[in-house]
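Trainee: Got a minute to go through this one with me? I'd like to start with what the two chains do to each other.

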Protein chains: 2
Amino acid sequence: MANTFLAVDWGTTNRRVYRIENGRVTRTERDGRGVTAVTDFAAEVEGIRAAFGDLPMLLAGMVGANIGWRPAPYVAAPAGVGDLARSLLRIDDRTAIVPGVSTLAGGRPDVMRGEEVQLLGAVAAGLAPPDALLVQPGTHCKWARMEGGRLTGFTTAMTGELFALLRSHSLLAPQLSGAVGVTAAFLAGVEEARRRDLAASLFGIRAARMLGTRDDADAAAYASGLLIGSDVTARLADSPPDTVHILSGPELGDLYVAAIHANGHAASLIDSHAAFLAGIIAIESHCP
Amino acid sequence: MANTFLAVDWGTTNRRVYRIENGRVTRTERDGRGVTAVTDFAAEVEGIRAAFGDLPMLLAGMVGANIGWRPAPYVAAPAGVGDLARSLLRIDDRTAIVPGVSTLAGGRPDVMRGEEVQLLGAVAAGLAPPDALLVQPGTHCKWARMEGGRLTGFTTAMTGELFALLRSHSLLAPQLSGAVGVTAAFLAGVEEARRRDLAASLFGIRAARMLGTRDDADAAAYASGLLIGSDVTARLADSPPDTVHILSGPELGDLYVAAIHANGHAASLIDSHAAFLAGIIAIESHCP
C-alpha cells in the first residue's frame, strides 16, 4: 500500500522497530520496551514516529494481546497473508495491529500471536516451500503446517517453559545447572523421549544420580534432549520423512536439528529475522 | 524376631512411630519431625525409646537417604521381604534402617525408599494378590509390579511434582487455582492425555482461555486429569485388562480410580497405613 512504512515486532519483553522503504529496511532498532514495560501505548507510538518518521505503522506480536495495547482478533486457520491483512485491528487510519491465528483442529484449541508473520514470511521470501512443516523453538514452541503458502494448522508445546520450570523450581533443579549442547547425553535424552512418558523419564534423572549412572554435569543436556525430543517425537512419529524448516537462532536451532535428525527427518535452519520482514512487507502490501 | 519392637515410618516432612506387640499396634503417634527437621538422629531415637519403650527399632523411609541419618543401600529388584531383611543398615545391635529398592529395567534407572514397605506389606496382608500391579500416587508416583509376592519392577513418574510446579510457577498458574475432583473437565484431561503429548496438551489450557472454550474454574481439574491421565496411559496403554491396586487416601485415590477406569482397567483402593504395618512386621519377622 505505502512505499514507506514503519513495522514493529512488539513482544512481551522486547521490541524491534523497522523503517521500510520500497521493501528494504533503511533503519532498525531493538530495545527493551516490550508490552510489559509499557503503559501508554499511544505515547510510545508517537515516540517511534518522532524517531523513525511520521509514517503509517503496522504492529505485530503481543502488542495485540490482552496484556498489550488492545486485543486484536484471532483469524481462524487456514489463514494466508490476505486473511491477516483483511482482519487488521485499526487503531487509527495510519496505525494497525496484525491479528493472531487460532485453530481448534482435532479438538485441541491453540493460538498464536506474532509467529504468524514469520511463518507466512518464510514462504513469501522463498525461505521455505509453500507446502512445508515449520517450527519456531522457544518458551512455547510452535509447529506450523503450511499448504499452498497458507497456514493450515499448528500446535504449540510448552517445551521451553517446562525446561525453565524444572531448572528453577523442581527437585531436579540442583542437577540441572550444567551446559546444554548436542552431546551424547542430549541424544540419550532424545532417544528416551521416544517412550512418550515424560513424567517418568524426568524422574530417571534423579534416579541416575542416586545410582551413579550419569554424571550430573550431563543432566541438563539430557533433560533438554528429553523435552525437545518429546516435542519432536510427538510431532513427527507418525509422519512420512519430511524436511522441517526451523525458524531460530543457531543455539536452539542446532538442538532441534539434532533431535529431528535422530527421529529420521531432515531439517533446515531459516533466518527468522528475514522471515519476519518478508511477512510484514507481504501483509502491508495486501492491506486494503 | 522380637515379639515387641518399635517401627518408624520416617519421611521427609513427617514421622510416625508405632509400638508393635505380637503383631498389633499398641501405641502410635505422628509428628512433624521428618528428616529435614532433624539433625541429631541418635538423640531423636533416644527420645523415641524414652517415650515408647526401650525396644529394638526398625526405621524406614527417607531416614535412610543421603538427607537422612545414614545412606542405607538399595537392593536391586526383584526384591522380597527376606531380601530387605538381609540388607538392613545396622546402626547398632538394636537399631536398623530398611534398605531402598532400585531397578535398571529397560535402561531407565529408578529408585524407591520407604514405598517398598507398603508395597510388600500390601501383599503380606492379603490386601493385594501376590501377582499384581500397585500404584502409590503422590509427588513422585510409584507403579510397582509384584510377582509371587516380590517386587519385580517399578516406575516412578513426577506426576504430583509437575502439577505443583505448574500451579505455583508456570504461565498457567493464574488459571489453576480452582478445585480438583472427578468432574467432566478432569475426565476430558484424562482423554486428552491419551495423545501422549503432554507439553502441547498443557498449552491447550492457555489457548482455551484465549478462545473462551473452557471456564477457568475447570482448568485445574483438567490439568490434573491431563497429568494423572498421562501417568495412567503410559503405564497401562499396552497392558491387558488388569486390576490396579491403589495405595492412597480417598482424595487422590479417587482421581486415580477414575483415570484407570477411563483407560479400561479396574481399580481398587488399599489402606496404605495397614499395608505399611504389615510390611514392617513382615520385615522384622525375617530379620536374621
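Mentor: Sure, one term up front: a polar contact is a pair of N or O atoms within 3.5 Å, where within protein one must be able to donate a hydrogen and the other to accept it, and residues adjacent in sequence count only if both atoms are side-chain atoms. This is a predicted model, so local features need pLDDT of at least 70 and side-chain atom pairs count only at pLDDT 80 or more, while totals for chains, interfaces and linings use all residues. Residues are numbered from 1 along each chain as its sequence is written, chains are lettered from A and ligands numbered from 1 in the order in which they are written, and side-chain values use heavy atoms, with hydrogens and water left out.

Trainee: OK, how many residue pairs are in polar contact across the interface of chain B and chain A?

Mentor: The rule finds 17, with both residues at pLDDT 80 or more.

Trainee: And which elements of chain B give two or more residues to that side?

Mentor: They are β8 (100-103), β9 (110-112), β12 (150-157), α4 (159-169), α6 (198-211) and α7 (219-236) of chain B. Helices (H or I, at least four residues) and strands (E, at least two) are DSSP runs, numbered from the N terminus. The biggest giver is α6(B), with 12 residues.

Trainee: What's the mix of residue classes there?

Mentor: The chain B side has 22 nonpolar, 14 polar and 10 charged residues. Here Ala, Val, Leu, Ile, Met, Phe, Trp, Tyr, Cys and Pro count as nonpolar, Asp, Glu, Lys and Arg as charged, and the others, Gly among them, as polar.

Trainee: How much area is buried between chain B and chain A?

Mentor: About 3,600 Å², with carbon and sulfur atoms giving 67% of that. Buried area is the accessible area (1.4 Å probe) that two parts lose on being put together, summed over both. In chain B, the residues losing the most area to chain A are B:Arg108, B:Met158 and B:Phe203, together 18% of what that side buries.

Trainee: How many salt bridges between the chains?

Mentor: The count is 6, taking a side-chain nitrogen of Lys or Arg within 4 Å of a carboxyl oxygen of Asp or Glu. B:Arg235 and A:Asp197 form a salt bridge at 2.5 Å, N to O.

Trainee: Switching topic: which domains does chain A have?

Mentor: Domain 1 (4-128) and domain 2 (159-270), with bounds from an automatic or database domain assignment. Their centres, taken over C-alpha atoms, are 31 Å apart. Between these two domains of chain A, the buried area is about 350 Å², and the salt bridge count is 0.

Trainee: What about aromatic pairs, how many over all chains?

Mentor: There are 8. Rings of Phe, Tyr and Trp (its six-membered ring) pair if their centres lie within 6.5 Å, and planes under 30 degrees apart count as stacked, over 60 as edge-to-face and the rest as tilted.

Trainee: Why is the pair of A:Trp143 and A:Tyr256 tilted?

Mentor: The ring centres are 6.3 Å apart and the planes sit at 55 degrees, so the pair is tilted. A:Trp143 lies in strand β11 and A:Tyr256 in helix α8 of chain A, so the pair ties together parts that are 113 residues apart in sequence.

Trainee: Last one: which peptide bond is cis in chain A, and what is its omega?

Mentor: The bond from A:Ala77 to A:Pro78 is cis, with omega near 5 degrees. A:Pro78 sits in the loop between β5 (74-76) and α2 (81-86) of chain A. In chain B, the bond from B:Ala77 to B:Pro78 is cis too, with omega near 0 degrees.
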